[in-house]
Amino acid sequence: MSDTLDTLENITYEELNEGDTATFTRTLTEDELVLFAAVSGDVNPVHLDSEFAAGSMFKERIAHGMWSGSLISAALATVMPGPGTIYLEQSLSFKRPVKLDDTLTVHLKVLRKEPKGRVVVECDVRNQNEQKVVIGEAKVIAPTEKVSLHKPRLPKIAIEH
């Protein structure tokens, strides 16, 4: 499964199998970086100030770690298992920085199904060079009822500089 269609269709607990995989891809733009800072309140200058970031260990601005984490959430909520999924737990290990214009792909893999609709999912996030940026595991409650809906159209957001 992938995130390319205009329709969101879930995969129910009953339909999921150990080894099932899915992907979700997103590119970090300047606007997304600034919006994430605004929404999260994380205004660490390593994310927003080029001069400050030049003096950091990364030598340039980097994305918020949780931006990558939020892509895992989006993948679980929209691709596999999809709409109706309830997020219970997440472990994250940050392996390398994400920079402006990096394209990240979240790779999900069902590790095991547990009682009460619980599913443990391996989460592997890689950049456009296939380098691991985040790894971890999620535990979710998979939906029990099948749904198929149109992706919502989100409003345009303008950023004043």
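Lys99 is partly exposed in this predicted model, with a relative accessibility of 26%. Its salt-bridge partner is Glu60, and the closest N and O atoms of the two are 3.0 Å apart. Glu60 sits in the loop between helix H3 (50-54) and H4, while Lys99 sits in the loop between strand E3 (86-94) and E4, so the bridge ties together parts that are 39 residues apart in sequence. Glu60 is partly exposed as well, at a relative accessible area of 36%. Side chains of opposite charge can pair when their charged atoms come close.

The structure holds eight salt bridges. One of them joins Glu32 to Arg26, with 2.5 Å between the closest N and O atoms. Glu32 counts as buried, because its relative accessibility of 18% falls under the 20% limit. Arg26, at 38%, is partly exposed. Another bridge links Glu114 and Arg112, where the closest N and O atoms are 3.0 Å apart. Here Glu114 is buried, at 18% relative accessibility, and Arg112 is partly exposed, with a relative accessible area of 37%. Glu9, Glu15 and Lys146 belong to one network, joined by salt bridges that share partners.

The loop between H3 and H4 that holds Glu60 also holds Lys59. Lys59 is exposed, with a relative accessibility of 58%. Its phi is positive, about 70°, although Lys59 is not a glycine. A positive phi also appears at Glu130, another residue other than glycine, where the value is near 65°. Glu130 belongs to the loop between E5 and E6.

Next to consider is Ala53, which is part of helix H3. Is Ala53 buried or exposed? Its relative accessibility is 0%, so Ala53 counts as buried. Leaving out residues up to four places away in sequence, Ala53 touches Pro45, Val46, Lys59, Glu60 and Arg61. Two of these contacts have been met above: Lys59, with its positive phi, and Glu60, the salt-bridge partner of Lys99.

The largest nonpolar core has 30 residues, and within it Val106, Leu108 and Val119 touch the most other members. Which elements each supply at least two residues of this core? They are strand E2 (21-27), helix H1 (30-40), helix H4 (65-78), strand E4 (103-113), strand E5 (118-126) and strand E6 (132-141). H4 gives the largest share, five residues. The contacts of Val106 can be listed without its neighbours within four places in sequence: they are Ala22, Thr23, Phe24, Leu71, Ile72, Ala75, Asp124 and Val125.

A UniProt record, an unreviewed entry, places the feature "domain: MaoC-like" at residues 25-123. Over residues 25-123 the chain is 34% helix and 29% strand. The C-alpha atoms at the two ends of this stretch are 13 Å apart.

Another part of the picture starts at Asn10, in the loop between strand E1 (7-9) and E2. With a relative accessibility of 1%, Asn10 counts as buried. Which backbone oxygen atoms does the side chain of Asn10 reach? One is that of Pro83, at 3.0 Å, and another is that of Glu145, also at 3.0 Å. Apart from residues up to four places away in sequence, Asn10 touches Glu15, Pro81, Gly82, Pro83, Pro143, Glu145, Lys146 and Val147. Among these contacts, Glu15 and Lys146 are members of the salt-bridge network that includes Glu9.

Pro81, also touched by Asn10, is located in the loop between H4 and E3. A cis peptide bond joins Met80 to Pro81, with omega about 0°.

Glu145 lies in the loop between E6 and strand E7 (148-150). In contrast to the buried Asn10, Glu145 is exposed, at 62% relative accessibility. Setting aside its neighbours within four places in sequence, Glu145 is in contact with Asn10 and Thr12. Glu145 and Leu111 are 34 residues apart along the chain, and their C-alpha atoms are separated by 21 Å.

Methods: Residues are numbered from 1 along each chain as its sequence is written. This is a predicted model: local features need pLDDT of at least 70, side-chain atom pairs count only at pLDDT 80 or more; totals for chains, interfaces and linings use all residues. Side-chain values use heavy atoms; hydrogens and water are left out. A nonpolar core is a set of buried Ala, Val, Leu, Ile, Met, Phe, Trp, Tyr and Cys residues joined through side-chain atoms within 4.5 Å. Buried means under 20% relative accessible area, exposed over 50%, partly exposed in between (1.4 Å probe, protein chains only). Helices (H or I, at least four residues) and strands (E, at least two) are DSSP runs, numbered from the N terminus. Contact means heavy atoms within 4.5 Å. A salt bridge is a side-chain nitrogen of Lys or Arg within 4 Å of a carboxyl oxygen of Asp or Glu. UniProt positions are given in the numbering used here, feature names are shortened, and annotations may be inferred rather than shown by experiment. A polar contact is a pair of N or O atoms within 3.5 Å; within protein, one must be able to donate a hydrogen and the other to accept it, and residues adjacent in sequence count only if both atoms are side-chain atoms.
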